[in-house]
Amino acid sequence: MRTPNRRWLVVAVAAALIFGVLSLYQASDAAPRQQPFGNSLEQRQEQIALLTEISELLKQQNALMREHNALLSSGKLQVVVTLPENPQ
C-alpha cells in the first residue's frame, strides 16, 4: 500500500511544481509591442525607390560600357607598358 501512495505523492508534487512555474509566466513589458512587419505601403514605396535607384545606376553602367566598346572597336586605343628601370 505504500507504493501507490508514494506514486500519488510524486504526481501531486510534480503537478504542483509545473503549476507553480507556469503561474509565474507573464508577458514582459521590456519591448514595445508592435507588429512583426512594418507598414506594407511603406515597404513597397521603399522597394520602388531602391529599384529606381538601381535602374539609374544600371543606365550609367550601360553608358560607360557603350563608351568603352566604342573605344575598343574604333582601333584608337593604345596601350603603353613601362617597366621599372631596376627590376630586383
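In this predicted model, the salt-bridge count comes to one. The pair behind that single count is glutamate 56 and lysine 59, whose side chains meet with a nitrogen-to-oxygen distance of 3.9 Å. This value satisfies the criterion, because a salt bridge requires a side-chain nitrogen of Lys or Arg within 4 Å of a carboxyl oxygen of Asp or Glu. As a general principle, side chains of opposite charge can pair when their charged atoms come close.

The two partners share a helix: glutamate 56 and lysine 59 both belong to α2, where they sit three residues apart, or about one turn of the helix. With a relative accessible area of 41%, glutamate 56 is partly exposed. Lysine 59, at 51% relative accessibility, counts as exposed, because the exposed class begins over 50%.

Stepping back to the whole protein, the secondary structure consists of two helices and zero strands. Of the 88 residues in the protein, 0% are buried. The accessible surface amounts to about 9,400 Å², and carbon and sulfur atoms account for 61% of that area.

Part of the surface forms a nonpolar patch of about 660 Å². Its contributors are Leu71, Leu72, Leu77, Val79, Val81 and Leu83. Valine 79 offers a helpful example from this group: this residue is found in the segment after α2, the helix that spans 40-74. Valine 79 has a relative accessibility of 68% and therefore counts as exposed.

Technical notes. Residues numbered from 1 in each chain as written. Predicted model: local features only at pLDDT ≥ 70, side-chain atom pairs only at ≥ 80, totals over all residues. Heavy atoms only, no water. Patch = residues over 30% accessible without salt bridge, like charges linked within 9 Å, V, L, I, M, F, W, Y side chains within 5 Å. Areas by Shrake-Rupley, 256 points an atom, 1.4 Å probe, with all protein chains shown as cover. Helix = DSSP H or I, 4+ residues; strand = E, 2+ residues; numbered from the N terminus. Buried < 20%, exposed > 50% of the residue type's maximum accessible area, 1.4 Å probe, protein only.
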